[in-house]
Amino acid sequence: MVRSIASRTIASRQIASRRIATQASTSGATTSSFAGVFAPGSSTFTATATGNHLFTFWGGGGGATAGVLCGGGGEIAQARVFLVAGQSVTLSVAANSNADTDGGTTTLTFPGGATATALGGKSGTNGGTGGTGGTGGIARSAGVTGGAVGGAPGMGGTISPYAAPAADAVTGAAQTRFAAGGFATGGSAWGGAGGLALVVRES
């Protein structure tokens with residue numbers, strides 16, 4: 001579901017409650033509007049204005065394996081596409097993973113059929129490594145490998161200035177979707193967090 005905050009002012013480089021600021025990663029143009037937050041699941045983003053749109057998206061975190069290893073964080077990727085008002089992009093954002101299960105892939109499908117993907121982290125059983133190896137887009141970074149039993153889960157990858165925010169940009173609630181790996185204690189395991197997609201319309 002799209003949570004539109006296109007009219008919000010973008011004022012700093014910090015991602016904080018109800019405010020986002022950044023600079024386009026390759027064009028040097030500052031952003032003009034934050035277009036949407038997409039939680040796990042299938043969604044459609046429809047451009048309301050003609051221009052370049054920057055998509056930033058994470059794969060899902062790997063689920064932990066009890067007594068073995070924490071899950072790895074999801075890969076982050078960015079894609080920039082020129083959209084005419086009314087054109088749509090289909091987003092399939094990775095859902096939360098179960099314990100002992102690899103994180104899912106987040107896939108964006110653009111007009112004309114081109115795609116870009118961000119891969120999920122591995123489960124503890126499969127080594128707990130961060131997601132890596134997605135295709136398409138303009139930039140990407142691997143997720144972080146999960147820690148040993150009782151350690152920290154792997155975080156999702158980061159591309160400056162898209163570090164893991166402390167709060168959801170729309171609701172101000174604690175942002176857990178970026179703590180992407182599962183967490184393994186001695187006798188239990190948690191699933192990994194789902195992916196997330198952010199869309200910014202650039203000036």
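# A walk through the sheet and the core

Strands β5 and β6 run antiparallel to each other, and three bridges pair them. One facing couple here is Leu91 and Leu108, the latter in β6. Keep in mind that this is a predicted model.

Now widen the view. β5 and β6 belong to an open sheet of four strands, in the order β2-β5-β6-β7, with antiparallel pairing. The edges are β2, residues 41-46, and β7, residues 115-118. Each of these two pairs on one side only. On average, neighbouring strands of this sheet are turned by 15° against each other, direction ignored.

Look next at the other side of β5. Strand β5 covers residues 88-93, and six bridges hold it in antiparallel pairing with β2. Gly41 faces Val93 of β5. Ser42 has Ser92 of β5 as its bridge partner.

What are the two faces of β5 made of? The covered face has Val89, Leu91 and Val93. The uncovered face has Ser88, Thr90 and Ser92.

Follow the chain past β6 and you reach the loop between β6 and β7, where Gly113 lies. Is Gly113 buried or exposed? Gly113 falls in between: its relative accessibility is 47%, so it counts as partly exposed. The C-alpha atom of Gly113 is 10.0 Å from that of Thr90, with the two positions 23 residues apart along the chain counted as their separation.

Now turn to the interior. In soluble globular proteins, nonpolar side chains tend to be buried together. This model has a largest nonpolar core of 19 residues. Which of its members touch the most others? They are Phe45, Phe55, Phe57 and Phe110. Several strands feed this core: β1, β3 (51-58), β4 (76-83), β5, β7 and β9 (196-202) each supply at least two residues. β4 gives the most, with four. Apart from this core lies another, of seven residues. Phe34, Val37, Leu196 and Val200 are among them.

Take Phe45 as a guide. Leaving aside residues up to four places away in sequence, Phe45 touches residues including Ala35, Phe38, His53, Phe55 and Leu83. Its contacts also include Gln87, Ser88, Val89, Leu91 and Val199.

The aromatic rings deserve their own stop. How many aromatic pairs does a search of the whole structure find? It finds three. A pair of aromatic rings is described by the distance of the centres and the angle of the planes. One pair is Phe38 with Phe45: 6.2 Å centre to centre, 80° between the planes, edge-to-face. Phe38 and Phe45 are both buried. Another pair is Phe55 with Phe110. Their ring centres are 5.7 Å apart and their planes stand at 75°, so this pair is edge-to-face. Phe55 sits in strand β3, while Phe110 sits in the loop between β6 and β7, so the pair ties together parts that are 55 residues apart in sequence. Phe55 and Phe110 are buried too. Phe38, Phe45, Phe55 and Phe110 make up one aromatic cluster.

Strand β3 has a further link, to β9. The two strands run antiparallel and are joined by six bridges. Within this pairing, Phe57 stands opposite Ala197 of β9. Why is β9 described as largely enclosed by the rest of the structure? Six of its seven residues are buried, so the description follows.

Finally, ask how far to trust the picture. The protein chain has a mean pLDDT of 76, and 72% of its residues reach 70 or more. Confidence varies from element to element. Strand β6, residues 106-109, has the highest mean pLDDT of the elements, 97. Strand β1, residues 31-38, has the lowest, 72. Over residues 1-31 the pLDDT is below 50, although the stretch has 83 contacts in the model beyond near neighbours in sequence. Residues 161-170 also stay under 50. For them the model has 47 contacts beyond four places in sequence. Where pLDDT is low, the predicted coordinates should not be read in detail.

Note on methods
Residues numbered from 1 in each chain as written. Heavy atoms only, no water. pLDDT = per-residue confidence, 0-100. Contact = heavy atoms within 4.5 Å. Pairing = 2+ DSSP bridges. Axes fitted to C-alpha atoms, helices over the stretch in contact; angles between N-to-C directions. Buried < 20%, exposed > 50% of the residue type's maximum accessible area, 1.4 Å probe, protein only. Core = buried A, V, L, I, M, F, W, Y, C linked by side-chain atoms within 4.5 Å. Phe/Tyr/Trp six-rings, centres within 6.5 Å; stacked < 30°, edge-to-face > 60°.
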